Amino acid sequence: EQQQEQQGQQKWNRIDEDSHENEKEEKEEDDDDDIRLTFNDLALAEHIVLGLQKCGFIYPSPVQVSAIPLERLGRDVLVQAKSGTGKTVAFACRLLDSVLLTKVEAAREGGGAKGGDGGNVDTFAIDESGGKRVDVSSSVKAMCIAPTREIALQTADVLRTLATACAGSSKGRFKQERLACFLGGLPVADDGRAMKRRPACVVGTPGRMKQLVEMDILRTDQIRTVVLDEADQLLTKTGFCQDVLFLIHAASHKQRQLIACSATFSKNARKRMESLTTRDGKPSAIEKVSLCEETVALRGVKMCYRFICRREEAKEEDEKEKEGDDNDSDDYDDGMRLLEEKAETCIDIFNSVRFHQAVIFVESRDRGEKLSAIMIKKGGFKTAFISGKLTQRERMDVMQRFHDFGLRAIISTDLI
C-alpha cells in the first residue's frame, strides 16, 4: 500500500509540474493577445462573425484557425484536437457558410421553394394516378453523424443556436434554414414529418439515419457535406462502422466533402478515412489538422485520482467469508461494500471541492443505478443515472434536467 501511495504521489507531482508548465505557456499566450487572429481574419461573412460574437466566440481557437479555411475550401479534412477546444464550432462555420443560412433575395428568386429551401429549384415528377406534381428533389445538403443520441442532440443545439444568432445579425438579409435531428428510440413517423418540412441539414445517430435512407424517407443524393463527430468511435466500433460507411457511400454527390473530428484517431480510423475521401469520383488526399497526437489531456486542467484502500474490517470479514460455501453471495456483498465506499469517497470530494455540476462515469448500468441511489440517500445530492437502458424520452428528460441545473451530478456509462 505504501508503494502504491508513493507511486500515486510521484504521478501527482508529474501532473502538477505539467500544469505549472502549461500555466507558463498560457501566460506567454496572453502576452500575444494583441496579435491574435479574429474570426474576421478567417474571411467569414460579417453576419457570421457577429453571430459568433453574440454566442461568446470572439477569438478562434488554434483548431478553428487551422480547420475553418480548409473546410470552407471544400477540402476533405481530418481534425484531431482535444475535447473542448472548438471542433464543433469549426465545422459549424462551414455549415453556416454553405447550408444553414440563405440569402433572402435568393430564396425569393427561387420560385417560392417549399419550407424555405434556400432558393434551390425544386424538381417535380407527375403522379400518374392523379396527375399532380410530386416534389422528388432532396432539400438535405449536409449530414452530421454522431455516435450517441446525447452527442447528436448537443450538436444540433449548437448548430441551431449559432444559425439563429447569425441570421439575427444579418439585418434580414439571411434567413435560417431548417435542421432536423434523427434519433433511435423515437417514432419514425416523427422523422417523416420532419423531412416534409424540408430541412437543409440533418443530425443524428448512424442506425436511425440508415433506417430512414432505406425507407426512402431521407434522400442523400444532394448531400455535399458529411461530418463525422467523434469519428474515431464511428469508424472503429463494430456497432457503428457498417452503418456509417453505408451513409457515407449513400451520399454519392461528386463534390461531397468529408469532415472527421475527434480527440483521438487510431491507425485503422485514419486508414479508413483516407480510403473514403474522393473528389469528382476519384480518390483525393485528405487534409490533416492534428493538434494533439501525443496527449489528449487539456492544458491547465489538473488530473488527479484517489486510491481507495479497503477497510481492515472489510478485509478481515472477507477472509472469514471466503471460508464459507456461498461464493456468489460473498462476491455480491464484497462488491456492494466497495461501491458504498466509492460513493462515500465521491460525497467527501463533493463536500470539499467547489463545483457547479459533475459527471460520474461508471463501468456498468448496475453499478450506476446503485451508486445514484447511495449518493441521493447518504449525500443528499440531486443525481440521476443515464444509460442505454432508459427510453429515449427518459434520457432526454435527464439531460434537460441537468442542462437546467435541476441536477448537481449525472451518473453515466460511456453514453455521453
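This report walks through the buried strands, an aromatic cluster, a pocket and the cysteines of the structure above. Please keep in mind that the model is predicted.

**Two enclosed strands and their neighbours**

Let us start with strand β9, which covers residues 225-229. Because 5 of its 5 residues are buried, β9 is largely enclosed by the rest of the structure. Its two faces are both covered. On one side sit Thr-225, Val-227 and Asp-229, on the other Val-226 and Leu-228, and all of them are buried.

Which strands pair with β9? One is β5 (residues 142-145), which runs parallel to β9 and is joined to it by 4 bridges. Within this pairing, Ile-145 stands opposite Leu-228 of β9. Another is β10 (residues 257-262), again in the parallel sense, over 5 bridges. Here Leu-228 has Ala-260 of β10 as its bridge partner, while Thr-225 is matched with Gln-257 of β10. Leu-228 is a handy residue to pick out on screen, with Ile-145 opposite it in β5 and Ala-260 as its partner in β10.

Strand β10 can be described in a similar way. With 6 of its 6 residues buried, β10 is largely enclosed by the rest of the structure too. Gln-257, Ile-259 and Cys-261 point one way from the strand, and Leu-258, Ala-260 and Ser-262 point the other way; all are buried. Besides β9, strand β10 pairs with β1 (residues 77-80), which runs parallel to β10 and shares 4 bridges with it. Ala-260 appears once more in this pairing, as the bridge partner of Leu-78.

If you would like to trace this part of the model, you can step from β5 to β9 through 4 bridges, from β9 to β10 through 5 bridges, and from β10 to β1 through 4 bridges.

A further strand, β7 (residues 179-182), contains Phe-182. Since its relative accessibility is 1%, and buried means under 20%, Phe-182 counts as buried. Phe-182 and Val-202 are 20 residues apart in sequence, and their C-alpha atoms are 7.3 Å apart in space.

**An aromatic cluster around Phe-350**

The structure holds 2 aromatic pairs, listed here with their geometry.

| Pair | Type | Centre to centre | Angle between planes |
|---|---|---|---|
| Phe-350 and Phe-355 | tilted | 4.7 Å | 40 degrees |
| Phe-350 and Phe-381 | edge-to-face | 5.3 Å | 75 degrees |

The pair of Phe-350 and Phe-381 links distant parts of the chain: Phe-350 is in helix α13, and Phe-381 is in the loop between α14 and β15 (383-386). These two residues are 31 apart in sequence, with a C-alpha to C-alpha distance of 9.1 Å.

Phe-350, Phe-355 and Phe-381 form one aromatic cluster. Are its members buried or exposed? Phe-350 and Phe-381 are both buried; for Phe-350 the relative accessibility is 13%. Phe-355 counts as partly exposed because its relative accessibility is 21%.

**The second largest pocket**

Helix α13, where Phe-350 lies, also has a part in a pocket. The second largest pocket has a volume of about 860 Å³. Among the 27 residues that line it, Ile-308, Lys-342, Cys-346, Ile-360 and Leu-371 are the closest to its centre.

Which element gives the most to this lining? That is α13, with 12 residues. Helix α13 (327-352), strand β14 (358-361) and helix α14 (365-379) each supply at least two residues of the lining. By residue type, the lining of the second largest pocket divides into 18 nonpolar, 3 polar and 6 charged.

**Cysteines**

A disulfide is a covalent bond between the sulfur atoms of two cysteines. How many disulfides does a search of the whole structure find? The search finds 0.

The surroundings of individual cysteines can be described as well. Cys-241 is buried, because its relative accessible area is 6%. Cys-304, with a relative accessible area of 58%, is exposed. Two other cysteines have already come up: Cys-261 is buried in β10, and Cys-346 is among the residues closest to the centre of the second largest pocket.

Definitions and conventions. Residues numbered from 1 in each chain as written. Predicted model: local features only at pLDDT ≥ 70, side-chain atom pairs only at ≥ 80, totals over all residues. Heavy atoms only, no water. 1 Å grid on protein atoms, 1.4 Å probe; cavity = no way out; pocket = protein on both sides within 12 Å on 5 of 7 lines; lining within 4 Å. Points joined across faces, edges and corners; volume = space filled by probe spheres on them. Nonpolar A, V, L, I, M, F, W, Y, C, P; charged D, E, K, R; others polar. Disulfide = S-S within 2.5 Å. Buried < 20%, exposed > 50% of the residue type's maximum accessible area, 1.4 Å probe, protein only. Pairing = 2+ DSSP bridges. Phe/Tyr/Trp six-rings, centres within 6.5 Å; stacked < 30°, edge-to-face > 60°.
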